[in-house]
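Please look over the sequence and the structure shown below. The report that follows takes up the cysteines, then the overall fold, and then the surface and its charges.

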Amino acid sequence: MRILCWNINGLRAIHKKGFLQWLEMADADIVCLQETRVLREELPIELIEVDDYALYLNPAEKKGYAGVGVYSKEKPKQVDFKLGFEQFDKEGRILKLEYSDFILINLYLPHGGRQKENLGYKLEVYNHLLKFLKTIKNKKVILTGDFNIAHQEIDLARPEENKNSIMFTEDERKQIDKIIQLGFEDSFRIFHQQGNNYTWWPYFAKARERNLGWRIDYIFISEPLVPEIKNAFILDKIMGSDHCPVGIEIF
């Protein structure tokens with residue numbers, strides 16, 4: 001099974017850049033999307049009726065903001081749209097899909113604000129997420145999305161310059177530590193220990209061309225799934241967003 005994850009920075013926007021052609025080429029069983037920024041009724045029919053896929057969408061109440069989606073070839077047994085934290089749930093930032101063999105959780109975690117004005121909210125979201133993960137950590141769980149945190153110095157191009165920046169503060173990095181301490185593995189690091197592997201690049205100063213990026217998009221797997229993972233990768237040549245897709249092959 002091939003599972004991909006991508007913050008697309010707008011589903012309608014990326015549709016104009018060839019998203020459906022990429023989806024066909026990617027040949028994934030499940031594609032998790034963040035920052036969809038759209039209501040289902042605003043989508044053109046070709047993005048809803050896609051060969052072999054069903055689209056599950058959780059939009060924010062605020063139009064043109066946040067939202068997550070999943071294209072899945074297999075129909076899940078159950079779909080849930082809430083974490084249990086009202087502000088977060090209103091922003092359409094989670095999809096929980098329960099399949100016969102595993103649980104898939106697609107997340108778009110808050111950024112926190114350039115001046116850290118929303119950092120308290122971000123950390124509160126992580127507190128709710130960690131409480132939930134404790135209840136399912138012994139099940140087969142795939143936890144994926146845009147976490148808006150670079151975990152370690154190896155996960156961004158300029159750690160010294162950004163040690164006090166949002167997405168790399170000590171308080172934020174500890175949240176990823178806590179996910180791992182619960183028994184969730186960073187799938188990419190199982191296979192790749194080297195640096196210079198990023199998933200997001202700022203738009204300014206030709207950052208992507210210069211690979212001045214951050215790795216803030218992850219696929220974590222619970223301990224029972226570790227023996228079943230075959231590969232994990234970053235598709236950094238795929239354009240269309242300021243993020244690139246990440247993926248795993250499992251089972």
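## Cysteines

In this predicted model, the count of disulfides is 0. Cys32 takes part in none, and the cysteine sulfur nearest to its own belongs to Cys5, at 6.0 Å. Because a disulfide requires two cysteine sulfur atoms within 2.5 Å, the sulfur of Cys244 is likewise too far for a bond, since its closest cysteine sulfur, again in Cys5, is 9.9 Å away.

Where do these side chains sit with respect to solvent, buried or exposed? Cys32 is buried, its relative accessible area being 0%, and Cys244 is also buried, with a relative accessible area of 0%.

## Overall fold

The protein is built from 7 helices and 12 strands. Its radius of gyration is 17 Å, close to the 18 Å that the globule rule gives for 251 residues, so the protein is as compact as a globular protein of that length. Measured out along the principal axes, the C-alpha trace spans about 45 × 40 × 35 Å.

Of the 251 residues, 57% count as buried. When contacts between residues at least 6 apart in sequence are considered, 70% of them join residues that are at least 24 apart.

## Surface and charge

The protein exposes about 11600 Å², of which carbon and sulfur atoms supply 46%. There are 35 positive and 38 negative side chains in the protein, and the centres of these two sets lie 3 Å apart.

How values were computed
Residues numbered from 1 in each chain as written. Predicted model: local features only at pLDDT ≥ 70, side-chain atom pairs only at ≥ 80, totals over all residues. Heavy atoms only, no water. Buried < 20%, exposed > 50% of the residue type's maximum accessible area, 1.4 Å probe, protein only. Helix = DSSP H or I, 4+ residues; strand = E, 2+ residues; numbered from the N terminus. Rg over C-alpha atoms; globule rule 2.2 N^0.38 Å. Contact = heavy atoms within 4.5 Å. Areas by Shrake-Rupley, 256 points an atom, 1.4 Å probe, with all protein chains shown as cover. Lys, Arg positive; Asp, Glu negative; His and termini not counted. Charge placed at Lys NZ, Arg CZ, Asp CG, Glu CD.
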